[in-house]
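Take a look at the structure below. A short report on it follows.

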Amino acid sequence: MSSTTVPVPTIPIRSGPSGHHSMPVLGFGTAASPIPEPTMLKETIIEAIKLGYRHFDTSPRYQTEEPIGEALAEAVSLGLVKSRSEFFVTTKLWCADAHAGLVVPAIKRSLKNLKLDYLDLYLIHWPVSSKPGKYKFPIDEDDFLPMDFKAVWSEMEECQRIGLAKCIGVSNFSCKKLQHILSIATIPPSVNQVEMSPIWQQRKLRELCKSNDIVVTAYSVLGSRGAFWGTHKIMESDVLGEIAKAKDKTVAQVSMRWAYEQGVSMVVKSFTKGRLEENLKIFDWSLTEEETQRISTEIPQFRNVSGEVYTSEKGPIKSVEEMWDGEI
């Protein structure tokens, strides 16, 4: 380990009936708009590994699995890590594959892209299915289909049973939809990956997850600026700005430190070395009780990632209200 490598704390997530697996609390996110150029992404990931990143988050939807796989393989061959087991890799089940009979083939396809034998975490990306075999995004309004949650979750469990994923979970699931999965699961979800930040604090969902030993992974902690789903509300927050100035930190660091102190893991996207370094500098200082209280009470709440592109008048989820079951 080089002198510049920052060790990232880990959080235990459930793996099977009684075991746990360690997830680094800070992950390198690869959801970007436009899609990152593969060679640039591969080189950035190598740089991130040198800095201390070990957790990488992708999805077939992001079209970043292959460059991640190449980067991880190269990192092992260069001796940047001793083995693949030092990495924590998450990918997701896309809507077109969220059908009985298609889940195991989908994870195998992702594993091939990633050049891996197993995933650390496999997530259902959104709680909706789409026409099998069509990988177009945005999904055509005629192509949305109701998800057979029981069949799909059963096959997610099979992915874990046969060793293709150490842990399984969901993403973008409301409290109601998560409770439904819990009611039908033999192996409960380990993780729910959702939008969470100082502007959308997800208190109700976090309570539900905590009471069921489900770890929350936060995305859009910094607002995903530059992406079509992004917002400037975090970076332009007066409250966060005042706290950052008082602590001689950046607003991004304050937002990430807040998430870390809430006991969640997070995936953050950055493709520049300076920002990658900055994002790692959140583990050796704390927010005061007063600062945490200000973030809790003085920041207007706003769901930024509405999921509207996954709704359709012709589909099973017709509105943003239905997507989140009123949790908006």
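Where does UniProt place the feature "binding site"? The unreviewed UniProt entry puts it at H125. Such positions follow the numbering used here, feature names are shortened, and annotations may be inferred rather than shown by experiment.

This is a predicted model: local features need pLDDT of at least 70, side-chain atom pairs count only at pLDDT 80 or more, and totals for chains, interfaces and linings use all residues. Residues are numbered from 1 along each chain as its sequence is written, and side-chain values use heavy atoms, with hydrogens and water left out.

**The barrel.** Eight strands form a closed barrel in the order β3-β4-β5-β6-β9-β10-β11-β12, with parallel pairing. Strands pair if DSSP finds at least two bridges between them. Neighbouring strands are turned by 30° against each other on average, direction ignored.

**The helices.** Two helices touch β5, β6 and β9 (contact means heavy atoms within 4.5 Å). Helices (H or I, at least four residues) and strands (E, at least two) are DSSP runs, numbered from the N terminus. Axes are lines fitted to C-alpha atoms, for helices over the stretch in contact; angles run from 0 to 180 degrees between N-to-C directions.

| Helix | Residues | Angle |
|---|---|---|
| α3 | 103-114 | about 135° to β6 |
| α4 | 149-161 | about 155° with β9 |

**Around H125.** H125 sits in the loop between β6 and β7. H125 is buried (under 20% relative accessible area, 1.4 Å probe, protein chains only), at 4%. Among the residues it touches are R61, K92 and W94. The side chains of H125 and S59 share a polar contact of 3.0 Å.

Methods. Buried means under 20% relative accessible area, exposed over 50%, partly exposed in between (1.4 Å probe, protein chains only). A polar contact is a pair of N or O atoms within 3.5 Å; within protein, one must be able to donate a hydrogen and the other to accept it, and residues adjacent in sequence count only if both atoms are side-chain atoms. Lists of a residue's contacts leave out its neighbours within four places in sequence.
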